[in-house]
Amino acid sequence: MPWYVIYTKPKNEKKVADRLQQIGIEVFCPLVTVVKQWSDRKKKVQIPLFNSYVFVFIDEKDREKVFQIQGVVRYLFWLGKPAMVREDEIAALKEGLKETMVSYEVKGIKVGDLVPIPSGPFHGKEGVIKQISKNSLQLVLTELGVLITLNREDR
């Protein structure tokens with residue numbers, strides 16, 4: 001059985017994943033911990049790595065079951081067929097999420113450069129620098145079609 005990609009309503013990834021698990025569907029919603037700042041405090045919260053995407057491990061004949069869940073919009077399609085993700089890619093993503101990227105240093109790179117990602121959930125992938133600012137860096141992972149923003153965490 002392959003892993004399929006489900007597109008969810010915005011901010012519904014964790015709820016959809018929980019509801020899918022409750023009806024017996026194996027699901028993977030990769031989460032990362034970030035520090036959010038409010039006017040009076042900072043707090044670590046877990047947010048989805050991919051906005052509006054959840055992975056499901058389901059047999060082709062059972063694909064319609066996901067639409068029983070509120071918050072599911074559709075399957076992601078690639079070349080006219082439901083997008084499938086290989087088991088080894090899901091395993092690599094799970095393994096990469098065990099590591100945490102604590103900091104990064106911007107030296108000698110500029111917008112448009114292709115850079116390898118040395119650690120973290122996207123270890124081994126390459127990204128194109130889209131934007132560099134004092135406290136953040138944006139990379140486009142062309143292989144995955146994902147934009148990542150790395151924010152500097154003050155210690």
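**Exercise 1. Decide whether L79 is buried or exposed in this predicted model, and describe its backbone.**

Solution. Start with the accessibility: L79 has a relative accessible area of 76%, and because the exposed class begins over 50%, L79 counts as exposed. Next, find its place in the chain, which is the loop between β7 (77–78) and β8 (81–82). Finally, turn to the backbone, where phi of L79 is near 55 degrees, a positive value in a residue other than glycine.

**Exercise 2. Carry out the analysis for K11, stating where it lies and what its phi is.**

Solution. K11 is placed in the loop between β1 and α1 (13–22). Its relative accessible area is 74%, so K11 is exposed. The phi of K11 is positive, at about 65 degrees, although K11 is not a glycine.

**Exercise 3. Determine whether the length of helix α2 agrees with its number of residues, and on which side its buried residues lie.**

Solution. Helix α2 covers residues 87–98, which is 12 residues. The expected span is 1.5 Å times one less than the number of residues, so α2 should span 16 Å, and the 17 Å between its end C-alpha atoms agrees with this. The buried residues in α2 include I90, L93 and G96. These residues cover an arc of only 125 degrees around the axis, which puts them on the same side of α2. The spacing can be read with a general rule: an α-helix has 3.6 residues a turn, so residues three or four places apart point the same way. As for what they meet, the buried residues of α2 pack against β1 (3–8), β2 (26–28), β5 and β9 (84–85).

**Exercise 4. Identify the largest nonpolar core and the elements that contribute to it.**

Solution. The largest nonpolar core has 21 residues, and W3, F50, F55 and F122 have the most contacts inside it. The elements giving two or more residues to this core are β1, β5, α2, β12 (136–141) and β13 (146–151). A second core, separate from it, has 15 residues, with L20, C29, V54 and V66 among them. As background, nonpolar side chains in soluble globular proteins tend to be buried together.

**Exercise 5. Classify the ring pair of Y4 and Y75, and then that of F50 and F55.**

Solution. The whole structure holds six aromatic pairs. For Y4 and Y75, the ring centres are 5.8 Å apart and the planes stand at 75 degrees; since planes over 60 degrees apart count as edge-to-face, this pair is edge-to-face. Y4 belongs to strand β1 and Y75 to strand β6, so the pair ties together parts that are 71 residues apart in sequence. Both partners can be checked for burial: Y4 is buried at a relative accessible area of 1%, and Y75 counts as buried at 3%. The rings of F50 and F55 have centres 6.0 Å apart and planes at 80 degrees, so this pair is also edge-to-face, and both F50 and F55 are buried. Ring pairs also link Y4, F67 and Y75 into a cluster.

**Exercise 6. Locate R63, and list what it touches beyond its neighbours in sequence.**

Solution. R63 is found in the loop between β5 (53–57) and β6 (72–75). Its relative accessible area is 13%, and because buried means under 20%, R63 is buried. Leaving aside residues up to four places away in sequence, R63 touches Y4, I58, Y75 and P82. Two of these contacts, Y4 and Y75, are the partners of the edge-to-face ring pair.

How values were computed. Residues numbered from 1 in each chain as written. Predicted model: local features only at pLDDT ≥ 70, side-chain atom pairs only at ≥ 80, totals over all residues. Heavy atoms only, no water. Helix = DSSP H or I, 4+ residues; strand = E, 2+ residues; numbered from the N terminus. Buried < 20%, exposed > 50% of the residue type's maximum accessible area, 1.4 Å probe, protein only. Contact = heavy atoms within 4.5 Å. Arc of directions from axis to C-beta. Core = buried A, V, L, I, M, F, W, Y, C linked by side-chain atoms within 4.5 Å. Phe/Tyr/Trp six-rings, centres within 6.5 Å; stacked < 30°, edge-to-face > 60°.
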